[in-house]
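Me: I am new to this structure and would like to go through it by question and answer. Please show it before we start.

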Amino acid sequence: MSTLANLVQDLATGGIKVIDLTETLREDYPVISLPPEFKPAWSFKKEVVSEYNDDGPMWFWHNISLNEHTGTHFDAPIHWVSGKDLPNNAVDSIPARDFIAPACVVDCSDEVAADQDFLLTKERLMAWEDQHGEIPAGSWVFMRSDWRKVASPDNYANIIDDTAHHPGPDNECVHWMIEERDVLGFGTECIGTDAGIAMSFDPPLPCHYFMHGAGKYGLQCMTNLDLLPPTGAVIVCPPLKIEGGSGSPLRVLALVTS
Ligand code: MN
């Protein structure tokens with residue numbers, strides 16, 4: 001049997017499970033908050049066009065409006081100034097092949113439960129590798145934080161005294177993932193790939209700055225990373241093909257062997 005025929009059979013028989021890493025896109029979904037001098041993003045809005053009524057007797061549909069970076073979403077290199085001149089840096093020009101890739105899942109849930117400002121370090125990833133093997137080039141690195149159990153339901157961004165408090169990688173860790181492991185990108189269950197306190201780093205938000213400057217991607221606001229194995233999951237995450245788009249909400253699926 002061909003590899004694809006095996007895949008289809010394993011999906012049908014449950015040998016391969018599909019795990020949804022996506023949060024439901026809804027009007028109260030928080031968007032990232034920026035200092036007041038910067039223009040804020042729209043949050044998600046939807047309004048009924050017709051609902052089997054005079055406006056459309058047999059059909060139901062919505063108009064929607066949203067920022068590209070709303071809900072579970074993908075960050076393209078063009079999102080950041082460091083990636084603005086790279087080739088194939090927008091969601092409509094990134095090679096489609098990059099939207100299917102393996103993931104290394106680093107369980108930081110204990111550390112994040114103890115410290116909402118937890119910073120993922122190179123040493124922590126090297127300790128993960130001691131257990132699970134080297135992070136292969138072209139892999140996602142996903143930081144599992146079980147964030148929905150940590151942040152209060154009405155404060156997903158965990159803003160306390162005007163500062164966001166959520167985990168992310170430190171500057172050195174970002175460089176190591178790029179330069180030593182050539183990862184595909186970095187993914188998180190929090191509202192941004194950078195830690196909340198990383199706005200004060202030099203440069204600010206190094207995961208955005210250096211990852212996108214190196215042509216790499218981000219995934220944010222995921223969920224269910226606790227259902228993934230440390231290695232072996234295959235992530236399917238094609239963003240919307242927005243012309244010149246800097247990112248988009250998307251469905252993130254993981255294929256795992258059961
Ligand atoms: Mn984003």
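Reply: Two strands count as paired if DSSP finds at least two bridges between them. The model discussed here is predicted.

Me: In which sense do β13 and β15 pair?
Reply: Strand β13 covers residues 233–236 and strand β15 covers residues 253–257. There are 3 bridges between them, and at least two are needed for a pair. Val236 has Leu253 in β15 as its bridge partner. The sense of the β13 and β15 pairing is antiparallel.

Me: Which strands are the edge strands of the sheet?
Reply: The sheet is open, with 9 strands in mixed pairing, and its order is β1-β15-β13-β5-β7-β11-β12-β4-β14. From one strand to the next the twist averages 25°. An edge strand pairs on one side only, which fits β1 (16–20) and β14 (247–249).

Me: Which strands does helix α1 touch?
Reply: Helix α1, residues 3–13, packs on the sheet. Its direction makes about 70° with that of β1. The strands touched by α1 are β1 and β15.

Me: How many residues apart are Asp75 and Gln220?
Reply: Protein donors of the manganese ion are His69 (ND1), His73 (NE2), Asp75 (OD) and Gln220 (OE1), at 2.1 to 2.7 Å from the ion. Their spacing along the chain is H-x3-H-x1-D-x144-Q. Asp75 lies in strand β4 and Gln220 in strand β12, and they are 145 residues apart.

Me: Is Asp75 buried or exposed?
Reply: Buried means under 20% relative accessible area. Asp75 has 0% relative accessibility, so Asp75 counts as buried.

Key. Residues numbered from 1 in each chain as written. Predicted model: local features only at pLDDT ≥ 70, side-chain atom pairs only at ≥ 80, totals over all residues. Heavy atoms only, no water. Helix = DSSP H or I, 4+ residues; strand = E, 2+ residues; numbered from the N terminus. Axes fitted to C-alpha atoms, helices over the stretch in contact; angles between N-to-C directions. Contact = heavy atoms within 4.5 Å. Donors = N, O, S within 2.8 Å, 3.2 Å for Na, K, Ca; no water. Buried < 20%, exposed > 50% of the residue type's maximum accessible area, 1.4 Å probe, protein only.
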